[in-house]
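The following paragraphs lead the reader through selected features of the structure shown here.

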Amino acid sequence: ELRYEPKAIEPKWQRVWEEERTWEASNEDDGRPKHYVLEMLPYPSGEPHMGHLKNYALGDAVAHFSRRIGRRVLHPMGYDAFGLPAENNAIKTGEHPREATAKSIASFQRQFREWGISIDWSREFGTHEPRYYRWTQWLFLQLQERGLAYKREGAVNWCPNDQTVLANEQVVDGRCERCGFEVEQRQLEQWYFRITDYADRLLEDLDEIQWPEHVKTMQRNWIGRSEGAQVAFHNPDLGIDYPVFTTRPDTLFGATFFVMSPEHPDVLRLAAGTEHEQAVRDYVRHAQTESAEERGAADKAKTGVPLGRSVVNPVNGESIPMWVADYVLMEYGTGAIMAVPGHDERDHEFATVHGLPIKRVIAGPEGEDELPYSGDGTIVDSHPDFDGLPNREALSAIVAWLDREGKGHRSINYRLRDWLVSRQRYWGCPIPVVYCDACGMEPVPTDQLPVELPDVSDYKPRGRSPLAAAEEWVATTCPRCGGPARRETDTMDTFVDSSWYFLRYCDANNDAAAWDRDVLNRWMPVDQYIGGVEHAILHLLYARFFTKAFADMELLDFQEPFQALFTQGMITRDGAKMSKSKGNVISPATYVDRYGADTARCYILFIGPPDQDADWSDEGVEGVHRFLARLWRLGVEVGVGPADSPATGAALSDADGALARKAHWAIDKVTADVSGRFAFNTAISAVMELVNECYRHREQASPEVQRFAVATAASLIFPFAPHTASEVYELVTGGRVWEQPWPRADPAMLTTDTFELVAQVNGKVRDRLTAPTDATKDQLEQLARTAPNVVAHVDGKEVVKVIVVPGKLVNLVVR
Ligand code: ANZ
Ligand code: ZN
């Protein structure tokens, strides 16, 4: 009894690849085109899940295919080991983050090997290892030297649960992205990276890369470029010009009031001495207690109080009242707006609630009488120079006029804010600066890096970094004057670690530098990046920013890190996301143990187009397992011997012809499905068809052609089921499949043979058709029924009988 035994087959091949270091890539150029295939590195917290299996099975298929079409492939692996997931997991289990992380990494390492992923292990690292974060710190200091990393006080997002600040990108609908707690605002001194300097380049270069359109759209929206104007409104009491940012200078004549954000630094100064002073104070204090969530809500009541002052509208000299209201945000534009209730939704609502005048200055088409009107139209009731003009034309004329008068200018505004990178958490990369009473802030000199993360026993967050309690570590000497100094106790956002790991892989064992520029240029950019769409904004934007900043520092010579991106869909159960609370989590280990890694890998790619979500089904797994077992059994039965394709034009028996043609068809189909595409599901099903064809011709086909077909099936399935493929290929050829070039389809074998089909109606010949030799009876009947001259003679009559003689004729008997 022949049994397919993955437990014997898989370790056998894993050992060969491990011992021979088959997947290690040399940094030396050997003339082959390079191809850098990368999956997003995992967070080592807990065990690998199905999403990991899918991610790495996808990347491995790309890597294997690329090698076999003659490319020099880099396919490395590492661990994004610092950060909240690892630390929270550690707090939950009571185990030190270092130990919990080490355990998790060990589990990932073991499972990657058991899955047979073709990783270049010589380049592996965790971002928490001093030999890696030494360079994270060095890069931080390079940014700081150029003013791209800086410290300032400002309002920051604070998660009361995680007890740390969050980047804007980590606040989703006013809540902490990780734990879901409502985020508060706090005034704190923090480190930032000046990503806003790169806003335009981050936008423009999106046109240069092959990324899914929806990911590019998310990045564009996040950067949020708005074109408009800054216009100065003069306050005579303080004698100060207050600029506003507006995208609609064409509505300037419709501004009926002016609104400042409660956080605007001049609010209290303006209100001082007016009858509204106390009310303004109360309002400002109240606004501080509200979360960003509450303030941003669209349906929130438009609250606000008058400031008791006014400003002058520069276009018509009108005095309009000043208000303070929390729908105006300090972080956007100038923190103050001109309110145009006739044409802006929120201003209209505010004016209605507080009884402020509403004025129309743009006439829409006939019948559009309601205000606010946000569409385009004709300028009305504004100024003789502009009235009657289409508003878009007037817009540039008004900005030009403001510019001439020195009252305003064209302005571009971004939603993107600088990236807040300091965290009051233990498990992260220490920020390499010290504070000296005499010299102030001093960077740690390069030869003193890394600043190692000390071992502390109490790493729970409590509002300030747990590192502050490590007194011996904090106390140090000033690198400038040698006097006593204190270390920075904040650590870096873990997104800093993952913003450059793909660079380090290229030169992972370099002890003298973060990387060698020439070596880097030999591998970068990543040709194919693969990961989850949840990283569409944060990680991908930060990595692009780092790359551009490093290009400006002449540390590398390209502008974009990831030339092509593929975002994978989720694995679901009964249509639902897997989660511990739903109790529907299944782990890769269970399936790898029961069916072997090849079945699990192949199934996860077979279940549907990989960019879409797909539902896991145990029957589906069984089906794929049977397919691999059938392929293996063919290999055993056919045995070793000559396995070449029949020569072009060779005279073949029907069975040999059909089987050889099917094999070439499969080569053609799989090649098309995996070349620059991710149609792995249809590629796998083509190999399944080929295996079925092998069984169909088992009795009639010659051993040579059968061997050719089985070897071809093994060769084609190798990127998806590498162990079984290697075994079967060895069984029929004695060779190693991964050392073979990717098979080529013989074009002559792709055209199926044809014959002349006679189509009869009631025994009389009515048409002659060209039909494929391997067409089924149903297909022949269908061909005959749709032939024009047959249709004409059947017209309206009932077909009572159909006679099909394959290779000859179809006769329709009608009444
Ligand atoms: C007058 C106006 C008239 C506006 C109109 C819009 C429509 P985007 O497109 O997102 O850039 N604005 C400016 N700064 C603001 C702040 N700090 N808080 C809240 N709102 C602010 O939006 C730009 C528009 O948002 C600006 O153009 C301003 O209102 C408002 F019919 O000015 B507008
Ligand atoms: Zn000093």
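**Sheets, ligand shell and a hairpin**

In strand E9, Gln 185 is the bridge partner of Asn 157. Strands, like helices, are DSSP runs numbered from the N terminus (strands E, at least two residues; helices H or I, at least four). This is a predicted model, in which local features need pLDDT of at least 70, side-chain atom pairs count only at pLDDT 80 or more, and totals for chains, interfaces and linings use all residues. Residues are numbered from 1 along each chain as its sequence is written, while chains are lettered from A and ligands numbered from 1 in the order in which they are written.

The pair just named belongs to strands E5 (residues 149-159) and E9 (residues 184-193), which run antiparallel and are joined by 10 bridges; two strands count as paired if DSSP finds at least two bridges between them. Both strands lie in an open, antiparallel sheet of four strands, ordered E6-E5-E9-E19. Its edges are E6 (164-166) and E19 (419-420), each pairing on one side only.

A parallel arrangement is found in another open sheet of four strands, with the order E2-E1-E26-E27. Here the edge strands are E2 (72-74) and E27 (565-568), and the twist from one strand to the next averages 20 degrees. Helix H2 (residues 50-68) packs on this sheet and touches E1, E2, E26 (528-532) and E27; its direction makes about 175 degrees with that of E1. Such angles run from 0 to 180 degrees between N-to-C directions, the axes being lines fitted to C-alpha atoms, for helices over the stretch in contact; contact requires C-beta atoms, placed from the backbone, to lie within 7 Å. Three bridges join E1 (residues 34-39) to E2, and His 35 has Val 73 in E2 as its bridge partner.

Ligand 1 is surrounded by 18 residues, the closest being Ser 226, Thr 246, Tyr 332, Gly 333 and His 343; a residue is counted if its C-beta atom, placed from the backbone, lies within 6 Å of the ligand. Strands E11 (240-246) and E15 (336-339) each supply at least two residues of this shell.

Further along the chain, E31 (residues 754-761) and E32 (residues 764-772) pair in the antiparallel sense over eight bridges, with Phe 755 and Ala 771 as bridge partners. Two residues separate the strands of this hairpin, in which Asn 762 takes a positive phi near 50 degrees. E31 also pairs with E34 (residues 809-814), in the parallel sense over four bridges, and Ala 759 stands opposite Val 810 in E34.

Notes. Contact = placed C-beta atoms within 7 Å.
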